[in-house]
Amino acid sequence: MDSKVTHLRRNLDTVITFLTPYLPLANCHMVEFFTQSHWERLLPSDLQQYLDKSDFLDSVNVFWKAAENNNLYSENEITKWVQTTRNHCLINNEYCLNPQGLQKLLTSQGSNMQPEIKVTEFMNSKKSYEVQSMSAYVASLHNLCGATHCVEAGGGKGHLLVALSLGYQIPSLTIDCDEKTLRNAEKRVKIIQKQWHAIAKKINQNSEVKMSNIDSELHKFAPAFITKDTDLTKVVQNQFKCETVKLLLTGLHTCGNLGPDSLRLFTTDQNVGALFNVPCCYHLLSEEVDGGLYDVFQRDYGGVGDSYGFPMSEHLRGFNLGRNARMLAAQSIERVTTRKELPNRSLLYRALLQEIIKKHSPESTIKEGKLKGISCQSFEEYLKTADAILNIGLDSCEIPETTIDCQWKKIVLFYLIRLCLAQVVESVILMDRLLFLYENGFSNVFLVKLFDPVLSPRCHSIVAIR
């Protein structure tokens, strides 16, 4: 165990040593692209010089090719940057299993893998894919650890536990802090129960078999705000009117601190026999952030006591990422490169508007989200629309189209270069959680790349067995 801790700490140190000089790049706000001279100040100098001389479309195509090819070798500055960032993330270390590796792990420890349950109604295609992919592993882990109940933290609509309770006959409890959401979820689940035979199928060796024999009393809901001190055993006992309880704690996309608190509950509650957690919304984590890393809209952002969402491990105590870096970590470079998605042109228009505001109305302040959702075909149209909302007299300002085209090249390439750090920041967050479990004496813990990141960008899960 000591060797695993030491090894993971060394790997984390390597990643952090690489990432630290680029935290200003990860933490910058694109709104300030021109006003804070991001292109000149934040890009690595060799890369900036290369991009200044390169053709816009050629550079974008080189980026797509480098991002899609894991084995591409080139002295091209774009390709070198893509490769270097990729070399400092989870896809290139030994800590992350794929789904086949997780299946092999569970069967090697004595679990019989359960068939997948396919439900295509009452949820969108993304959620249907996630539930189908995850529920079989959760059910298999439930059997392996001898759990009596499955508890979902922040379950919202109860998508995952519908499959667990109706498909695998597992007593399941969805906990969420939003009572209105839970009331609606209960009504929805009752409708699903009535139509279960028609909308659900069990996947057996690539063949689909209709479901039967459901117990509509196995899925319950409880309003609660989960923290590291929540008594899950008592909540389950109250809902199911039972005495003996052993829990599997799961969560499909637990937002912000709910993920870390789920891990803390696993380490302290002896009745939680296993954990299967898929985190998301890293920007909502609490963190004792150095003021120099605050973004333009979050000057007063701070943490909460000694239970910060990041870092969790003792080894990283005192290390900060910053809110914008954590927000960046929620972006999927796989999805962007597969779909060849360039940013919306409004990203450029908003940055140009900020430059105008700073020059002509420096005393004006704009709250985050105030101009969100504006979609215009030209900057002139964007400026008029924005000024109608802000009412600060900017409609007479003009920027030549040739200047706009030149700046479009810079902001797109900057966006793509910065995007490469997303996977590095997320790797630090996930490896920190793995190290936290190691430091607390748990060795049967794993990171799993559970979903296709193109279909479900927050694709990593943390699996732990007591």
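Which strands does helix H8 (residues 125-145) lie across? Helix H8 lies across strand S3 (149-153), strand S8 (247-255), strand S9 (272-280) and S11. The model is predicted. The protein is divided into domain 1, made of 1-59 and 344-419, and domain 2, made of 96-335 and 423-465. The points below cover the sheet, the helices on it, the domain interface and two local backbone features.

**The sheet**

- An open sheet is formed by 8 strands, and its pairing is mixed.
- The order of the strands is S1-S10-S11-S9-S8-S3-S4-S7.
- Strand S1 (96-97) and strand S7 (219-223) stand at the edges with a single partner strand each, so one side of each has no neighbour in the sheet.
- Strand S10 (residues 445-449) pairs with strand S11 (residues 460-465) in the antiparallel sense, over 5 bridges.
- Within this pair, Leu447 stands opposite Ile462 in S11.

**Helices on the sheet**

- Helix H8 runs at about 155 degrees to S8.
- Helix H18 (residues 422-439) also packs on the sheet, where it touches S9, S10 and S11.
- The direction of helix H18 makes about 155 degrees with that of S10.

**The two domains and their interface**

- The C-alpha centres of domain 1 and domain 2 are 33 Å apart.
- In domain 1, 25 residues are in contact with 31 residues of domain 2.
- About 2,600 Å² of area is buried between domain 1 and domain 2, and carbon and sulfur atoms give 71% of it.
- The interface of domain 1 and domain 2 has 1 salt bridge by the rule applied.
- Glu439 and Arg9 meet through their side chains in a salt bridge, at 3.1 Å from N to O.
- Across the interface of domain 1 and domain 2 there are 7 residue pairs in polar contact, counting pairs with both residues at pLDDT 80 or more.
- On the side of domain 1 that touches domain 2, the elements giving two or more residues are helix H1 (2-19), helix H2 (23-27) and helix H17 (401-419).
- H1 provides the largest share of that side, with 11 residues.

**Local backbone features**

- The peptide bond from Phe310 to Pro311 is cis, and its omega is near -10 degrees.
- Pro311 is located in the loop between S9 and helix H13 (323-328).
- Gln169 is not a glycine, yet has a positive phi of about 60 degrees.
- Gln169 sits in the loop between helix H9 (159-168) and strand S4 (172-176).

Key. Residues numbered from 1 in each chain as written. Predicted model: local features only at pLDDT ≥ 70, side-chain atom pairs only at ≥ 80, totals over all residues. Heavy atoms only, no water. Pairing = 2+ DSSP bridges. Helix = DSSP H or I, 4+ residues; strand = E, 2+ residues; numbered from the N terminus. Contact = heavy atoms within 4.5 Å. Axes fitted to C-alpha atoms, helices over the stretch in contact; angles between N-to-C directions. Domains from an automatic or database assignment. Buried area = accessible area lost by both parts, 1.4 Å probe. Salt bridge = Lys/Arg side-chain N within 4 Å of Asp/Glu carboxyl O. Polar contact = N/O pair within 3.5 Å; in protein donor to acceptor, adjacent residues only side chain to side chain.
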